[in-house]
Amino acid sequence: MSTPDVERQAREQEKATNGAGNGATAAGRRATVEPGPGVGAEASRRRGALLRRVLACGDWAALAVTLMIVTAASADTDVATLFWAILFSPSWIVVVKFHGLYDNDHRRIRHSTLDELPSLVSASVVGTLVLDGLLALSPVGPLEPISAIAVGVGTLVGSFFWRGVIRFFWHRLTPLSPGLAIGPPRVVDMVARRVSTHPETRLMLVGYLSDVEDEKARELPRLGAMADIAAVADSYEIERVVVTEQEMTEPAAERLIEQCKAAGLALTFLPQHYGLLGPGIELNRLAELPVLDFRFSDPPRSTQAMKRGMDLFVSFFGLLLLSPLLVTISIWILLDSGRPVFFRQRRAGKDGVPFNVLKFRTMVANAEALLPELIDLESLEEPAFKIRNDPRVTRSGRFLRRTSLDELPQLINVLRGEMSLVGPRPEEESVVALYDERQRGRLAIKPGMTGPMQVYGRSDLTFEERLAMERDYLDNLSILTDLAILMRTPRAMVRGEGAY
């Protein structure tokens, strides 16, 4: 046999061997993923299906009740119109479904009713047009313009209300979803803290997987290496996997996605350069290529004007409406610890310009003089501090601080233009003096009475966690973001977590 023939035969044998090996590998991979969804994934699927049906019932009930109210209140709408509108009401549910408003609870790691408000507005507009169009084809004809608007607005308000109520009870009647993190301990710790400060994730991380054995995470136990994911997911009835691994290769990521998909596990990936990807970044496509567009500009003047207008309106009427409460708190402080009722302190405002912040006094009158006995500002590891069980806090002050009612006099600062309703918290000048250039970025806008820190952890957050949330807010400054934070603030006040 000639040399070329020998080489050709050798290549054919090698190809056959590799093909058999690849077949064996593929068979092994199929054997790994063929068992199907585990116990946790199956439980998650059933809960998700039930929640979708309950949300749809809530939306339908909101529409039906609104139609009944409009029929009763309008002389132009009769029982026949109500009958045909109810008959066509499933079209409204279809419109809401097309907006993806029944699927996000299971798909996303974090979702709340406030997040879907813009989509609900759009669905209500489209739903009203579709319903009115169907009525135009019926014997009764379309709704009068005023009645159609009333149906759209009423159903929007009703759906938003019922969705909030449904999720409130759903979260209290159903268990947290067991979750598993994958990645290095340092990043796992960060993700675990974020999950703990965002209860709307409905996730309970039970541990993490990592191929690094010589370093342990502080927040979670190590349950094995990445190769153990199938066994660990089955043992702990895992429903969601959160991947924080920064060095994972593309083939390894594809294998992990295949395993999670076969097992029915929800999957969340932390991007490799997550520190660069704030909400001001848009994911777009250039043909088949995904691209990230960065926006570097100040908020539009119209946004700033609307923000200031909202500050003036809310602070003025807030002071009027809350004046009885303000007087009551003032009398309580006088009876509990005497004068003064208010506490004034120099704080750093926009661009570091100082101003006098107003609060109800919650500490003894000489609290600032006693501070050096409790903490040394020069030895702080980061430019922020909070003292648990501070001995300077009065009896009335404990309640006022836990509920944040001590902040109400800052409505005067907002009215003056020194603060805004929403923004980074104002910090003491002595602490701001310790900031580096990166940390001074939080001074780019007016400080706020409430902000991302207040609704996501308060004093339980580290300074870097606060800074990340405030950067997130600054990069995505909008009126809708402010409204979302304002609507989340009462819940944070009632819960009182991280307030001391």
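Search the whole structure for enclosed space and you'll find four cavities of 30 Å³ or more. Keep in mind that this is a predicted model. The largest of the cavities has a volume of about 390 Å³. It is lined by 22 residues, and those closest to its centre are Asp105, His106, Ser177, Thr201 and Arg202. Look at the chemistry of that lining and you'll count six nonpolar, eight polar and eight charged residues.

Where does the lining come from? Helix H2 (39-73), helix H5 (104-107) and helix H7 (145-173) are the elements that give two or more residues to it. H2 gives the most, with four residues.

Next, have a look at a pair of helices. Two packed helices are described by the angle between their axes and the distance between the axes. For helix H4 (residues 90-98) and helix H6 (residues 117-136), the axes come within 9 Å and cross at roughly 145 degrees, and the crossing is right-handed. On the H4 side, the contact is made by Ser91, Trp92, Val95 and Val96, while H6 brings in a longer list that includes Ala123, Gly127, Val130 and Leu134. Sorted by class, the residues in this contact are eight nonpolar and four polar, with no charged ones.

Finally, there's a bit of sheet to follow. Three strands form an open, antiparallel sheet, in the order S9-S8-S11. Strand S9 (354-360) and strand S11 (427-428) are the edges, each pairing on one side only. Strand S8 (residues 342-348) pairs with S9 over seven bridges, in the antiparallel sense. To find your place in the ladder, start at Arg346, which stands opposite Asn356 in S9.

Conventions
Residues are numbered from 1 along each chain as its sequence is written. This is a predicted model: local features need pLDDT of at least 70, side-chain atom pairs count only at pLDDT 80 or more; totals for chains, interfaces and linings use all residues. Side-chain values use heavy atoms; hydrogens and water are left out. Axes are lines fitted to C-alpha atoms, for helices over the stretch in contact, and angles run from 0 to 180 degrees between N-to-C directions. A crossing is left-handed if the near helix is turned anticlockwise from the far one by less than a right angle, and right-handed if clockwise. Contact means heavy atoms within 4.5 Å. Ala, Val, Leu, Ile, Met, Phe, Trp, Tyr, Cys and Pro count as nonpolar, Asp, Glu, Lys and Arg as charged, and the others, Gly among them, as polar. Two strands pair if DSSP finds at least two bridges between them. On a 1 Å grid over the protein atoms alone, a cavity is a set of points where a 1.4 Å probe fits but cannot get out, and a pocket is an open set with protein on both sides within 12 Å along at least five of seven lines; lining residues have an atom within 4 Å of a point. Grid points are joined across faces, edges and corners, and a volume is the space filled by probe spheres set on the points.
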